[in-house]
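Please look at the sequence and the structure below before reading on, and keep both at hand while you follow the points in this briefing.

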Amino acid sequence: NPKSPRYGETFKVEVPTNISAVLDLANGVVATLTTAKEAFGYTPRLEIYGTEGILYANDPNMFGGPLYIQRRDGSKQEIPYTHGFTEEGRGLGVADMAYALLSGRPHRANGELAYHVLDVMHAIHESSEEERHIHISSTCSRPAPLPLGLRFNRLD
């Protein structure tokens, strides 16, 4: 950012910024994870490859932009969002937490899930450093989604 007072300053990156991993999930699914940051013109996106198609989402850090599915036959279709809160900036996560607090159900951004994600991240690095398969000791329950049927950009 040219407006930052630290613009142009260099620093040493001490963690890998490009990662590939194979994840054997508890439900028997084998997933691959590839993350990359050191590329000119990098456009963040999330791609999920399945047996019947590919789901394409924009920057998973911001939750905005179109969502597409490409089917096995090559057809591509935009998928409409099911809730409001779709502007750039994490609104859906905040809405989910507020709804959970109002309704008395656990919210999705909980410590159990955060710890499990951190455990997986560390295990990926450890697996690479030690050149071996790492078993994850933590688990977490799958959080309930924000319910359908809420009025657009409302929690009631």
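What follows is a short tour by topic, moving from the sheet to the contacts made by side chains. The model is a predicted one, and the positions discussed here should be read with that in mind. It contains an open sheet of four strands, and five salt bridges are found in the structure.

**The sheet**

- The four strands of the open sheet follow one another in the order 3-4-5-6, and their pairing is antiparallel.
- Strand 3 (45-49) and strand 6 (76-78) stand at the edges and have a single partner strand each, so one side of each is left without a neighbour in the sheet.
- From one strand to the next, the twist averages 20°.
- Strands of a sheet pair through backbone hydrogen bonds, and the pairing may be either parallel or antiparallel.
- Strand 3 and strand 4 (residues 53-58) are joined in the antiparallel sense over five bridges, and within strand 4 it is L55 that serves as the bridge partner of I48.

**Rings and charges**

- The count of aromatic pairs comes to zero, but rings also take part in contacts with a charged side chain, as the next two points show.
- The charged end of K76 sits over the ring of Y56, where the distance to the ring centre is 5.1 Å.
- K76 also lies over the face of Y68, again at 5.1 Å from the ring centre.

**Salt bridges**

- R72 and E52 form a salt bridge in which the closest N and O atoms are 3.9 Å apart, and both of these residues are exposed.
- R72 lies in the loop between strand 5 (67-71) and strand 6, while E52 lies in the loop between strand 3 and strand 4, so the pair ties together parts that are 20 residues apart in sequence.
- R105 and D96 meet through their side chains in a salt bridge, with 2.6 Å from N to O, and both R105 and D96 are buried.
- E130 and R132 are likewise joined by a salt bridge between their side chains, at 2.6 Å from N to O.
- E130 is partly exposed, with a relative accessible area of 42%, and R132 also counts as partly exposed, at 43% relative accessibility.
- E126, E130 and R132 are joined into one network by salt bridges that share partners.

**The loop between strand 5 and strand 6**

- D73 is found in the loop between strand 5 and strand 6, and D73 counts as exposed because its relative accessible area is 64%, where the cut-off for exposed is over 50%.
- The side chain of D73 makes a polar contact with the side chain of S75, at 2.6 Å.
- D73 and G53 are 20 residues apart in sequence, and the distance between them in space is 8.6 Å, taken from C-alpha to C-alpha.

**The loop between helix 1 and helix 2**

- N110 lies in the loop that runs between helix 1 (91-103) and helix 2 (111-130).
- A polar atom of the side chain of N110 lies 3.2 Å from the backbone oxygen of H107, and the side chain of N110 also reaches the backbone nitrogen of L113, at 2.7 Å.

Notes. Residues numbered from 1 in each chain as written. Predicted model: local features only at pLDDT ≥ 70, side-chain atom pairs only at ≥ 80, totals over all residues. Heavy atoms only, no water. Pairing = 2+ DSSP bridges. Helix = DSSP H or I, 4+ residues; strand = E, 2+ residues; numbered from the N terminus. Axes fitted to C-alpha atoms, helices over the stretch in contact; angles between N-to-C directions. Phe/Tyr/Trp six-rings, centres within 6.5 Å; stacked < 30°, edge-to-face > 60°. Lys NZ or Arg CZ within 6 Å of the ring centre and 35° of its normal. Polar contact = N/O pair within 3.5 Å; in protein donor to acceptor, adjacent residues only side chain to side chain. Salt bridge = Lys/Arg side-chain N within 4 Å of Asp/Glu carboxyl O. Buried < 20%, exposed > 50% of the residue type's maximum accessible area, 1.4 Å probe, protein only.
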